[in-house]
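Please walk through the structure below, moving from the confidence of the model to its sheet and then to a few individual residues.

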Amino acid sequence: MTRLVMLGSLSLGLLSGCATSDSAAVYSKGQMRQAQTVQLGTVVSVNNVKMEGQNNELLTLGGAALGGLAGSNVGGGKGAIAGGIIGALAGGFGTQAAQRSMGSKNALEVTVKLDGSGRMVSIVQDADIPLSAGQRVRLLSGGGDDRVVPY
């Protein structure tokens, strides 16, 4: 049983380390040497929000498997089968809940009024670059990833 807990903890640590960054200052390898559209604007508002963590299906399956294995050790015969089913459900749901709460982080919802058109856009990104209302910014768009950075 101790081995299962250690294996589950190790898996959680390894898989959570594979998370991508939502920072406006971090670019993925695929975004390198790609043209981005640049629009200038002014920050209208900045709101603190909470970004929920993502579920990793492999980790959820691992939690379900460990829960099922642990639950099957309860009783014998039909009790072991029922314990395995209940343990698998509890392990899977528990792993999903843990991923959402452990992976959550502070973020900013930044609303920008674009120069020229006056169009308003809102972007949610990591709270690692300080932005404030009235600040001049660049809205960078390309490849499905948009970001707001100081001008």
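**Confidence, fold and selected residues**

The mean pLDDT of the chain is 76, with 66% of its residues at 70 or more, and the model is a predicted one. Within the chain, confidence is lowest in helix H1, residues 2-16, where the mean is 47, and it is highest in strand E4, residues 136-142, where it is 93. Over residues 1-7 the pLDDT stays under 50, and the model has 3 contacts for this stretch beyond four places in sequence; over residues 9-19 it again stays under 50, with 6 such contacts in the model. Where pLDDT is low, the predicted coordinates should not be read in detail.

The secondary structure consists of 3 helices and 5 strands, which follow one another along the sequence in the pattern α-β-α-α-β-β-β-β. Of the 151 residues in the chain, 28% are buried, and the accessible surface comes to about 9500 Å², 60% of which belongs to carbon and sulfur atoms. Among the contacts with a separation of 6 or more, 66% are between residues 24 or more positions apart.

How are the strands arranged in the sheet? The 5 strands form an open sheet in the order E3-E2-E1-E4-E5, and the pairing is antiparallel. Strand E3 (120-126) and strand E5 (145-150) stand at the edges and have a single partner strand each, so one side of each is left without a neighbour in the sheet. From one strand to the next, the twist averages 40°.

On the E3 side of this order, strand E2, residues 105-114, is joined to E3 by 7 bridges, and the two run antiparallel. They form a hairpin with 5 residues between them, and in its turn Gly116 has a positive phi of about 85°. Two of the residue pairings can be followed individually: Ala107 has Asp126 in E3 as its bridge partner, while Val110 has Ile123 in E3.

Val110, which is found in strand E2, offers a view of the surroundings of this strand. Its relative accessibility is 0%, so Val110 counts as buried. Leaving aside neighbours within four places in sequence, Val110 is in contact with Val43, Ser45, Val121, Ser122, Ile123, Leu131 and Val148, a list that includes its bridge partner Ile123. For Val121, the C-alpha to C-alpha distance from Val110 is 8.2 Å, and the two residues are 11 apart in sequence.

Within the edge strand E3 one finds Gln125. Is this polar residue buried or exposed? Gln125 is buried, because its relative accessible area is 2%, which is under the 20% cut-off. The side chain of Gln125 reaches the backbone oxygen of Val148 at 2.9 Å, and Val148 is also among the residues in contact with Val110.

On the other side of the sheet order, strand E1, residues 37-51, is joined to E4 by 6 bridges, with the two strands running antiparallel. E4 in turn pairs with E5 in the antiparallel sense, also over 6 bridges. The hairpin of E4 and E5 has 2 residues between the strands, and here Gly143 takes a positive phi near 65°.

Arg138 allows these three strands to be followed from one to the next. In E4, Arg138 is the bridge partner of Leu40, and Arg138 also stands opposite Val149 in E5. Val149, which lies in strand E5, has a relative accessibility of 9% and therefore counts as buried. Between Val149 and Leu40 the separation is 109 residues in sequence, whereas their C-alpha atoms are 9.9 Å apart in space.

Ser141 is a further residue of strand E4. With a relative accessibility of 16%, Ser141 counts as buried. Its side chain makes a polar contact with the side chain of Asp146 at 3.1 Å. Not counting residues up to four places away in sequence, Ser141 touches Gln36, Thr37, Gln39 and Asp146, so that Asp146 appears both in this list and as the polar partner of the Ser141 side chain.

Note on methods: Residues are numbered from 1 along each chain as its sequence is written. This is a predicted model: local features need pLDDT of at least 70, side-chain atom pairs count only at pLDDT 80 or more; totals for chains, interfaces and linings use all residues. Side-chain values use heavy atoms; hydrogens and water are left out. Two strands pair if DSSP finds at least two bridges between them. Helices (H or I, at least four residues) and strands (E, at least two) are DSSP runs, numbered from the N terminus. Axes are lines fitted to C-alpha atoms, for helices over the stretch in contact, and angles run from 0 to 180 degrees between N-to-C directions. Buried means under 20% relative accessible area, exposed over 50%, partly exposed in between (1.4 Å probe, protein chains only). Contact means heavy atoms within 4.5 Å. Accessible areas come from the Shrake-Rupley method with a 1.4 Å probe; for residues, only the protein chains shown count as cover. pLDDT is the predictor's confidence in each residue, from 0 to 100. A polar contact is a pair of N or O atoms within 3.5 Å; within protein, one must be able to donate a hydrogen and the other to accept it, and residues adjacent in sequence count only if both atoms are side-chain atoms.
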